[in-house]
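Please open the model in your viewer, switch to a cartoon view, and keep the sequence panel beside it. The stops below say what to select and what is there.

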Amino acid sequence: MLVLAYHLMQILRREVTIGVMKINIFQAEETTNHEGTAHLVRLLQNLPNQQIIQTMNFAWIEVGQHLEEHMHADCVEYYLFMSGIGEMRIGEEKIEVKKGDFLVVEMGKLHTLENKGDEKLEFVTIRALLR
């Protein structure tokens with residue numbers, strides 16, 4: 001889990017500032033580091049502003065259930081989906097999610113998540129405070 005957190009906070013050589021970003025870790029371009037001994041997919045790197053991790057959770061939603069719509073006024077939230085199929089709604093935008101998808105929810109955006117599959121929808125979330 002600590003390795004996952006480390007790589008989540010390294011990640012994709014682009015800044016995430018506006019809009020929705022979604023990639024699938026199983027379809028994204030792979031790179032190596034540590035003299036080629038570690039394989040990774042960069043998700044975030046060189047984050048805008050200065051961010052501090054507020055929470056990191058492994059979570060799940062049972063079949064047929066959904067996460068209540070909510071927002072975080074003080075942080076960005078990152079989701080990495082580990083299993084299952086679901087639908088994330090960010091504002092009015094609906095996004096299908098599945099194993100390997102990585103999604104960024106900007107600060108202040110209303111969002112909800114629904115399990116659309118026949119197994120648990122499992123994911124890791126990281127909330128990063130902006131300062």
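**A tour of the strands**

Begin with an open sheet of four strands, which follow the order β5-β10-β7-β8 and pair in the antiparallel sense; two strands are said to pair if DSSP finds at least two bridges between them, and strands (E, at least two residues) and helices (H or I, at least four residues) are DSSP runs numbered from the N terminus. Strands β5 (66-70) and β8 (93-98) are the edge strands, each pairing on one side only. Direction ignored, neighbouring strands of this sheet are turned by 15° against each other on average, where axes are lines fitted to C-alpha atoms and angles run from 0 to 180 degrees between N-to-C directions. As a general rule, the strands of a sheet pair through backbone hydrogen bonds, either parallel or antiparallel.

A word on the source: this is a predicted model, in which local features need pLDDT of at least 70 and side-chain atom pairs count only at pLDDT 80 or more, while totals for chains, interfaces and linings use all residues. Residues are numbered from 1 along each chain as its sequence is written, and side-chain values use heavy atoms, with hydrogens and water left out.

Now select residues 85-90 and 111-115, which are strands β7 and β10; five bridges join these antiparallel strands. Within this selection, Ile 90 stands opposite His 111 in β10.

Next, show the side chains of Glu 69 and Arg 89, which meet in a salt bridge (2.9 Å, N to O); the term stands for a side-chain nitrogen of Lys or Arg within 4 Å of a carboxyl oxygen of Asp or Glu. This pair links distant parts of the chain, since Glu 69 is in strand β5 and Arg 89 in strand β7, 20 residues apart. Glu 69 counts as partly exposed because its relative accessible area is 41%, and Arg 89 is also partly exposed, at 24%; buried means under 20%, exposed over 50%, and partly exposed in between (1.4 Å probe, protein chains only).

**Strand β9 and its partners**

Move on to residues 101-105, strand β9, where five of the five residues are buried. Which residues point one way from β9, and which the other way? Asp 101, Leu 103 and Val 105 point one way, whereas Phe 102 and Val 104 point the other way.

Add residues 21-24, strand β1, which runs antiparallel to β9 and is joined to it by four bridges, with Asn 24 as the bridge partner of Asp 101. Strand β6 also pairs with β9 in the antiparallel sense, over four bridges, and here Tyr 78 stands opposite Val 104.

Stay with Asp 101, which forms a salt bridge with Lys 98, their closest N and O atoms being 3.8 Å apart. Is each partner buried or partly exposed? Asp 101 counts as buried because its relative accessibility is 1%, while Lys 98, at 32%, counts as partly exposed.

**A patch on the surface**

Finally, switch on the surface and select Phe 58, Trp 60 and Met 82, which form a nonpolar patch with about 290 Å² of accessible area together. Patches are made of residues with over 30% relative accessible area and no salt bridge, with like charges joined within 9 Å and nonpolar side chains (Val, Leu, Ile, Met, Phe, Trp, Tyr) within 5 Å; accessible areas come from the Shrake-Rupley method with a 1.4 Å probe, and for residues only the protein chains shown count as cover. Met 82 lies in strand β6 (residues 75-83).
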